[in-house]
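Okay, thanks for squeezing me in. I'd like to walk you through one chain today, so have a look at the screen.

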Amino acid sequence: MDLLVSEYQNRQRIKKIENSFRPSAPQLFTPGRFLTGEGPLMKQGRKKREEKMFFLFNDILVYSSIIMTNRWYKNPKIIPLKDIKLDDLEDSDDVQHQWLICTPRKSFYVSASSGEEKKAWMQHIEVCQQTLLQEPGPQTETTYARSWIPDRAAQKCMRCFATFTGINRRHHCRKCGFVVCNTCSKGRALIQRIHPNKPLRICKVCNKTDDDKTSRLRGGSSGWWDETCSDEE
């Protein structure tokens with residue numbers, strides 16, 4: 001992680017980052033925003049691990065696909081630091097120096113090239129978050145998205161255990177993150193934190209949970225009063 005401290009360097013570097021995005025550049029510079037560090041990290045996607053470029057500011061985290069290293073990037077994703085939670089992970093035989101970045105819309109695994117690099121990223125993100133928490137304003141509780149299980153980790157549906165084929169394809173439940181088959185992923189639901197207007201694919205277990213909850217709210221077998229006045233709420 002390369003650190004930048006000079007105010008002049010900061011402004012020039014942010015401008016350079018904005019100009020490095022193709023075909024359209026995001027507006028990153030704003031008064032009070034500083035670039036804390038930058039560097040490549042490996043991000044676990046649905047199908048494979050891929051190197052992404054990450055830019056850490058004092059209030060946001062930006063990552064993007066790499067077109068040409070240290071020159072051109074595309075498809076930037078901007079995440080407010082106040083919406084991020086970090087989970088440290090132990091090394092495994094397959095992946096080392098990995099941790100989980102949780103956000104309301106998506107949670108994903110990233111890994112650094114060394115333990116020192118990982119420690120630097122996590123520490124600097126947490127320091128920026130602590131500074132944000134000291135600023136005045138209401139603190140809200142955040143619900144985080146489940147991390148997706150990679151396709152290669154599941155050879156069978158994680159609900160009915162049917163084998164995946166060219167016809168019986170893999171799908172991801174947007175609620176639990178499980179890899180499921182066509183039959184087990186017919187449900188759709190609105191998930192406000194991900195997309196407030198578009199119904200998203202969910203598995204049959206999550207769909208049944210939603211149906212049961214709706215039934216209770218409408219006065220089903222458990223009763224509307226039980227749902228709203230339970231001691232567990």
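I'll go from the overall picture to the strands, then the core, and end with the aromatic rings.

First thing to keep in mind: this is a predicted model. The chain has 233 residues, and 38% of them are buried. You're looking at four helices and 12 strands. For the contacts, take those with a separation of 6 or more: 43% are between residues 24 or more positions apart. And the accessible surface is about 14,400 Å², with carbon and sulfur atoms holding 49% of that.

Okay, strands. Start with E3, residues 49-57. It runs antiparallel to E4, with five bridges joining the two, and the hairpin between them goes through two residues. If you want a spot to click on, Phe54 stands opposite Tyr63 in E4. Hold on to those two names, please.

Now carry on from E4 into E5, which is residues 72-80. That pairing is antiparallel as well, over seven bridges. This hairpin has three residues between its strands, and Asn70, in the turn, has a positive phi of about 65°. Ile66 has Tyr73 in E5 as its bridge partner.

Further along there's another hairpin, where five residues connect E7 to E8. Those two pair antiparallel over four bridges, with Leu100 partnered by Tyr109 in E8. E8 also pairs with E2, again antiparallel, over two bridges, and there Lys43 stands opposite Val110.

So what's in the middle? Which residues have the most contacts inside the largest nonpolar core? They're Phe54, Leu61, Leu81, Trp99, Ile101 and Trp121, in a core of 19 residues. E3, E4, E7, E8 and helix H2 each put in at least two residues. H2, which spans 115-133, gives the most, with five. There's also a second, separate core of 16 residues, and among its members are Cys157, Cys173, Cys176 and Val179.

On to the rings. The count of aromatic pairs is six, and I'll show you two. In the pair of Phe21 and Tyr73, the ring centres are 6.0 Å apart and the planes sit at 55°, so we call it tilted. Phe21 is in the loop between H1 and E2 while Tyr73 is in E5, so this pair ties together parts 52 residues apart in sequence. Are these two buried or exposed? Phe21 is buried, at 1% relative accessible area, and Tyr73 is buried too, at 2%.

While we're in that loop, look at Ser20, which is there as well. Ser20 is buried, with a relative accessible area of 6%. Leaving out residues up to four places away in sequence, Ser20 touches Arg71, Trp72 and Tyr73.

The other pair is Tyr63 with Phe108: centres 5.2 Å apart, planes at 50°, so that one is tilted too. Tyr63 sits in E4 and Phe108 in E8, 45 residues apart. Tyr63 is buried at 7%, and Phe108 is buried at 3%. Both belong to one aromatic cluster with Phe54 and Trp121. Remember Phe54 and Trp121 from the core list?

Last bit: lysines over rings. Lys43 lies over the face of Phe108, 5.1 Å from the ring centre. Lys85 lies over the face of Tyr144, at 5.5 Å.

That's my tour, thanks for listening.

Methods: Residues numbered from 1 in each chain as written. Predicted model: local features only at pLDDT ≥ 70, side-chain atom pairs only at ≥ 80, totals over all residues. Heavy atoms only, no water. Core = buried A, V, L, I, M, F, W, Y, C linked by side-chain atoms within 4.5 Å. Buried < 20%, exposed > 50% of the residue type's maximum accessible area, 1.4 Å probe, protein only. Contact = heavy atoms within 4.5 Å. Areas by Shrake-Rupley, 256 points an atom, 1.4 Å probe, with all protein chains shown as cover. Pairing = 2+ DSSP bridges. Phe/Tyr/Trp six-rings, centres within 6.5 Å; stacked < 30°, edge-to-face > 60°. Lys NZ or Arg CZ within 6 Å of the ring centre and 35° of its normal.
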